[in-house]
Each structure stands twice: as structure tokens, then as C-alpha cells.
Amino acid sequence: MSGTTEKVSVRLAPSLVWVALATAALALLWSVADIWRGRTATRAIEDPNGDLQARPPVEAPPGTPLFQNVLSVEDAVFHNGIWFVLDIVGSRVHRLASDGTLLGSFGRKGRGPGEFRGPPTAIGLRGDTIIVTEHGVNYYHLYSLEGVPIEERLLRLDACLVPQILDVASVSMDLLFLVTCTQADMRVESRVLLETEDGFIRTVARRLPARDGPVVVDAFTPPLLSAHPDGFVFGSSKEECLSVHNAEGEMLESVCHDWWLTPMTPPRALVNEMEAALAGRLDVEWVLPDRFFPFVAVFVTTDEKWIYRVLASEHPESYDLVVPGTGERIPSIPRARYVFAHGESVLAGWEDIEGTRIAIYPQEDH
């Protein structure tokens, strides 16, 4: 797909009608998403009667260091021997050396330079600059590698009632944004935007919703973005394949996982809660996805080895790292609540009542 320019000029303020529509759409989307996040936080499972029950988190290996000031590890990036860990519960970014030493933290709740007004959602890297986004907004923060605030930028999106940045990734010195654009009728378009070093922004990939038929409300299988040596990976866990694009947005190949990974159906009780949250939207005919593949992230190394972060069904809300082929987990990496892979390092984390236990493992050739 060839790139299309994303306008960055300032637009006129929307009318009160559009503001009301945006507010209503946001409230509905967040109510559905909050159900999923709440279930994730309690590590819910489905019993034979279709009810969700809380289960204690999977335990860390004996001797795993405890970090009391790290409350969560929802996202992480690796750069020159340092892991930058995004803690959405604590609204902080923590810097960990490859040996597990905590080097310091930056960011906090607030309205000052480098502070988060809402929960941070994703962390990325461009050169020697750290990028952090926030939930429900289309601006992002830039920091030095030491955590010094550089600036805050607004990512402008045309023809979009409710814009939201979901993820970030880097391609050389350019920055990729995965965004969703929700309209008043609840139809959601997914876009990948490329921001070059000089600040020029353009759309390089997009997935349009169906114009006819019911709206697909997809709170538990959001679109996925990952860096790739030749560009980026774009897709969703409800689809049988992921697409690889170059930096210009041209599709290079389709990488499928339906031949080794078994799809799952959403827990019945979770579906019931989502249906209840959407019941008041009488002006929209909607459906929920009936199946999805149980992975939430993909990591592609510089030598193009694919690694999937796959839900461990026997240990709900814990994950394995799996290399396609046999579909077997990487044996040297224990099952964990949080797990992120880089070409030379893997970070794994486990929830603890006093904080988070974190271990860092060398990435071996499997």
C-alpha cells in the first residue's frame, strides 16, 4: 500500500454536536475496554458454568528479585543493554540494566513537563529518544535516555472523531504509531502512521471497517504493530495471518499462524459483560468476535526470527514465548505475567503483593 499524507494543520473546533458524539463514543468504548482490563487484572478464568473466577498469579522462580517500586510491567523496550519498563499502575518508566540492576525511574502523574495526565499505555524508542503515549489521547511524550523530558507532541488525525494511539515502534530513525480512529457510528479504522525525523507524518497502512452490516466491537483483540528488520508487522490476533510491510507501506509478505496455533473463543461471562455494556447503544447494530488466536504480541529479531507472546491457557493471564514451527514454548524462559523479547535479551515479570518480581534472561538461539 502506498503512503498517503496525513495533514498536520490546525483545524477549526468541532461543533457541540460532534463534541457530544465524541464524548458518548469514548464513554462507551472505555466502558467495554475497562471490563477487559478489570478481568485481566484479576487473572480471570472460565469455569464449566461460564463464570469467571479469580486465580492467584503464576509464581516467579525462586530467588527472583523483588522491585517494590515497580507496580506493573505493561510494556518495555531494550536499548544498549538497558530495559526501559513502562509501569502503568505507578505511572513511571523504570530503567533496568541487563543484570537486573535498577538504574532509576522517571515520569509520574501530574500536569507538568514529562508528567502523565492519564495512564501511560505504550513505550517506544527512536534513536536515543524514549517515546511514551497516554491512554485515550493523541499526544505523546519525548524523553532522553536518562529520563529528562524533551517535549510533548500532538499527533493530529484528520477525519477522526475519537483518535487514540495504541502502540509505537521504530523503523531506523523514523517512528511508527498504531492508532485507531472511531467514528460516531462506532466503526473503527486502524492506521499505521510514519513520522520522519523532520516531523513529516503520513499513513503507511490502514484497515478499514466494513461499511455495511453490524459494527464489530473488538475490545479484546486490538490491532497489533511490531518492528521488523524490513519495516513493520501489522495485523490482529483474530486474523489467521499478519502482514509485513516496508517503511513505505508496501506489503512484502503474509505470515500465517493458523497452521500451528489453535484459535480460542472468548469466555462466555466476559462476552455477557460486554453485551451488557453495549446494551444501551440502540442506534448501532453490533457483534463481538467469535474467536481469536491466543497471542498478544510479536517480536521479530534482526535475523528475522519470529517470537510470539502466547497466552498460557492452563495458567490464565500468564504468557509463554513461542517460536513458530512446533508451537512449543522457549524452554529457557519461564512462564510469566509479563514477558518481552529482544534480539539479545528477554525480560520477564511476575506480580507480587509487595511489587513486581523481574528477571532478565539472555536471548539464546532456539
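1. Serine 172 has a relative accessibility of 65% and therefore counts as exposed, the cut-off being over 50%. This serine sits in the loop that runs between strand S13 (162-171) and strand S14 (174-182). Its phi is near 55°, a positive value in a residue other than glycine. Most residues other than glycine have a negative phi. The model is a predicted one, and the torsion at serine 172 is a computed value of that model.

2. Methionine 173 lies in the loop between S13 and S14. With a relative accessible area of 36%, methionine 173 is partly exposed. Beyond residues up to four places away in sequence, methionine 173 touches Arg126, Gly127 and Glu197. For methionine 173 and glutamate 197, the C-alpha to C-alpha distance is 6.5 Å, and 24 residues separate the two in sequence.

3. On overall confidence: the protein chain has a mean pLDDT of 82, and 82% of its residues reach 70 or more. Two stretches need a caveat. Residues 1-27 stay under 50 in pLDDT, yet the model has 45 contacts for them beyond four places in sequence. Residues 30-54 are also below 50, and this stretch has 57 contacts in the model beyond near neighbours in sequence. Where pLDDT is low, the predicted coordinates should not be read in detail.

4. For the chain as a whole, the secondary structure consists of two helices and 28 strands. Of its 366 residues, 50% count as buried. The exposed surface of the protein chain is about 17,000 Å², with carbon and sulfur atoms supplying 54% of it. Taking contacts between residues at least 6 apart in sequence, 49% join residues at least 24 apart.

5. Which residues have the most contacts inside the largest nonpolar core? They are Val73, Trp83, Leu321, Phe340 and Leu347, in a core of 29 residues. Strands that each supply at least two residues of this core include S5 (75-79), S6 (82-87), S23 (295-300) and S25 (319-322). Strands S26 (338-341), S27 (345-352) and S28 (355-362) each do so as well.

6. Valine 73 is in contact with Val85, Leu86, Tyr338, Phe340, Leu347, Thr356 and Ile358, leaving aside its neighbours within four places in sequence. Among these partners, Phe340 and Leu347 are also listed with valine 73 for the most contacts inside the core.

7. Is strand S6 enclosed or open to the outside? Six of the six residues of S6 are buried, so this strand is largely enclosed by the rest of the structure. Ile82, Phe84 and Leu86 point one way, while Trp83, Val85 and Asp87 point the other way, and all are buried. Asp87 is thus a buried member of the set that includes Trp83 and Val85.

8. S6 has pairings with S5 and with strand S7. S5 and S6 pair in the antiparallel sense over five bridges, and phenylalanine 78 has tryptophan 83 as its bridge partner in S6. The hairpin of S5 and S6 has two residues between the strands, and asparagine 80 takes a positive phi near 50° there. S6 and S7 (residues 92-97) are antiparallel too, over six bridges; leucine 86 has valine 93 as its bridge partner in S7.

9. The S6 and S7 hairpin has four residues between its strands, with serine 91 in the turn. The phi of serine 91 is near 50°, positive although the residue is not glycine. Serine 91 is in the loop between S6 and S7, and it is buried because its relative accessible area is 1%, under the 20% limit. Serine 172, by contrast, is exposed at 65%.

10. Asparagine 138 occupies the loop between strand S10 (129-134) and strand S11 (139-144), and its relative accessible area of 16% makes it buried. Its side chain reaches the backbone oxygen of leucine 155 at 2.7 Å. Not counting residues up to four places away in sequence, asparagine 138 touches Arg153, Leu154, Leu155, Arg156, Pro163 and Ile165.

11. Aspartate 283 is placed in the loop between helix H2 (268-278) and strand S22 (286-287). At 58% relative accessibility, this aspartate counts as exposed. Its C-alpha atom is separated by 8.3 Å from that of aspartate 185, which is 98 residues apart along the chain.

Definitions and conventions:
Residues numbered from 1 in each chain as written. Predicted model: local features only at pLDDT ≥ 70, side-chain atom pairs only at ≥ 80, totals over all residues. Heavy atoms only, no water. Core = buried A, V, L, I, M, F, W, Y, C linked by side-chain atoms within 4.5 Å. Buried < 20%, exposed > 50% of the residue type's maximum accessible area, 1.4 Å probe, protein only. Contact = heavy atoms within 4.5 Å. Polar contact = N/O pair within 3.5 Å; in protein donor to acceptor, adjacent residues only side chain to side chain. Areas by Shrake-Rupley, 256 points an atom, 1.4 Å probe, with all protein chains shown as cover. pLDDT = per-residue confidence, 0-100. Pairing = 2+ DSSP bridges.
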